[in-house]
Amino acid sequence: MAKEIFRKAIHICTAFIPLLLSKFYWTIEILLVLAALGFSLSEFLRLKGIEVPLVSFITRAASRKRDEGKFVLGPIMLVIGIVCSSLLFNKMCYTIGILSLAFGDGLASLAGKLFGKVKIPISCEKTCAGSLMCFIAIFCVSYAVSGVVKESLIIAFAGMVIEMLPLRDLDNLVIPVALAGLSKFLFI
């Protein structure tokens, strides 16, 4: 559980990115791309047996069993999802997408691990508790940003469905881009 809390704390920290983008848009975009490139280099080196002090420690502390001995894709997909949504969509839409990833995906995993007794068939061990938490978190985020109930419910439902899919690390890319795109469609 401690590993999952650490992993999802990183996820939830991405909630600061929309605020940073509103103040330093291009600087943050460039820093995110550089972070993804730096992490990729660190992963290649780690797989060759060369440890990059802080990055390798964080990767070991946050990676799942399924990632052992493999290139860890989650952080790169997270950054690509954030960068794509913030480049493709306006501030309100990318904010909904990024915050949905931060809180919807982040809290779903924690709720699923803590309270998830009932598993959802064909969803890679996803739970009803996690999916419900995802829906609630994305609804709250979407409503806080947009102030509109009906569209926020639609976005939350779509986010919950995406989170339930067996996407593994690709959910870090799909959630912010898909929900930012859906927001754009709903709020035209």
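This is a short dialogue on reading the core, the pocket and a few residues of a predicted model.

Reader: Let's start inside. Which residues have the most contacts inside the largest nonpolar core?

Author: When you look at a core, ask who sits in it and which elements bring them. Here the largest nonpolar core has 22 residues, and those with the most contacts inside it are Ile17, Leu21, Leu32, Ile82, Ile98, Ile138 and Leu179. As for the elements, at least two residues of this core come from each of helix H2 (17–47), helix H4 (74–88), helix H5 (91–115), helix H6 (128–146), helix H7 (149–164) and helix H8 (171–186).

Reader: Pick one of those. What is Leu32 in contact with, leaving aside its neighbours within four places in sequence?

Author: With that filter on, Leu32 is in contact with Ile17, Val79, Ile82 and Val83.

Reader: Now the empty space. How do I find it, and what volume does the largest pocket have?

Author: The general idea is simple: roll a probe the size of a water molecule over the atoms, and you see where empty space is left. In this model, the largest pocket comes out at about 1200 Å³.

Reader: How many residues line the largest pocket, and which lie nearest its centre?

Author: The lining has 50 residues, and Arg7, Lys8, His11, Arg64 and Asn172 lie nearest the centre of the pocket. Sorted by class, that lining has 22 nonpolar, 13 polar and 15 charged residues.

Reader: And which helix gives the most to the lining of the largest pocket?

Author: That's H2, with 7 residues. Helix H1 (2–13), H2, helix H3 (53–62), H4, H5, H6 and H8 each supply at least two residues of the lining.

Reader: Lys8 caught my eye. Is Lys8 buried or exposed?

Author: Don't guess from the residue type; read the relative accessibility. Lys8, whose place is in helix H1, counts as buried because its relative accessibility is 3%, and the cut-off for buried is under 20%. Beyond four places in sequence, Lys8 is in contact with Arg64, Asp105, Gly106, Ser109 and Leu110.

Reader: Gly106 is on that list, so what does Gly106 touch, not counting residues up to four places away in sequence?

Author: Gly106 touches Lys8, His11 and Leu101. Gly106 lies in helix H5, and at 0% relative accessibility it counts as buried. For a sense of distance, take Leu47: Gly106 and Leu47 are 59 residues apart in sequence, and their C-alpha atoms are 27 Å apart in space.

Reader: What about a buried serine? What lies 2.5 Å from a polar atom of the side chain of Ser152?

Author: For a buried polar side chain, look for a polar partner. For Ser152, the backbone oxygen of Val148 lies at that distance from a polar side-chain atom. Ser152 has its place in helix H7, and it counts as buried because its relative accessibility is 0%. Not counting residues up to four places away, Ser152 touches Phe139, Ser142, Tyr143 and Ser146.

Reader: Let's try a loop. What is the phi of Arg168?

Author: As background, most residues other than glycine have a negative phi. Arg168 is not a glycine, yet it has a positive phi of about 55 degrees. You'll find Arg168 in the loop between H7 and H8.

Reader: Leu167 is in the loop between H7 and H8 as well. What is Leu167 in contact with, leaving aside neighbours within four places in sequence?

Author: Leu167 is in contact with Ile162 and Val174. With a relative accessible area of 23%, Leu167 is partly exposed. Cys124 is 43 residues away from Leu167 in sequence, with 8.8 Å between the C-alpha atoms.

Reader: Then follow the contact to Val174. How far is the C-alpha of Val174 from that of Gly81?

Author: The separation is 6.7 Å, though the two are 93 residues apart along the chain. Val174 lies in helix H8 and is partly exposed, with a relative accessible area of 30%. Its contacts, again skipping residues up to four places away, are Ile162, Leu167 and Leu179.

Reader: One last residue: is Pro121 buried or exposed?

Author: Pro121 is exposed, because its relative accessible area is 66% and the cut-off for exposed is over 50%. Pro121 lies in the loop between H5 and H6. Pro121 and Met164 are 43 residues apart in sequence and 9.9 Å apart in space, C-alpha to C-alpha.

Methods. Residues are numbered from 1 along each chain as its sequence is written. This is a predicted model: local features need pLDDT of at least 70, side-chain atom pairs count only at pLDDT 80 or more; totals for chains, interfaces and linings use all residues. Side-chain values use heavy atoms; hydrogens and water are left out. A nonpolar core is a set of buried Ala, Val, Leu, Ile, Met, Phe, Trp, Tyr and Cys residues joined through side-chain atoms within 4.5 Å. Buried means under 20% relative accessible area, exposed over 50%, partly exposed in between (1.4 Å probe, protein chains only). Helices (H or I, at least four residues) and strands (E, at least two) are DSSP runs, numbered from the N terminus. Contact means heavy atoms within 4.5 Å. On a 1 Å grid over the protein atoms alone, a cavity is a set of points where a 1.4 Å probe fits but cannot get out, and a pocket is an open set with protein on both sides within 12 Å along at least five of seven lines; lining residues have an atom within 4 Å of a point. Grid points are joined across faces, edges and corners, and a volume is the space filled by probe spheres set on the points. Ala, Val, Leu, Ile, Met, Phe, Trp, Tyr, Cys and Pro count as nonpolar, Asp, Glu, Lys and Arg as charged, and the others, Gly among them, as polar. A polar contact is a pair of N or O atoms within 3.5 Å; within protein, one must be able to donate a hydrogen and the other to accept it, and residues adjacent in sequence count only if both atoms are side-chain atoms.
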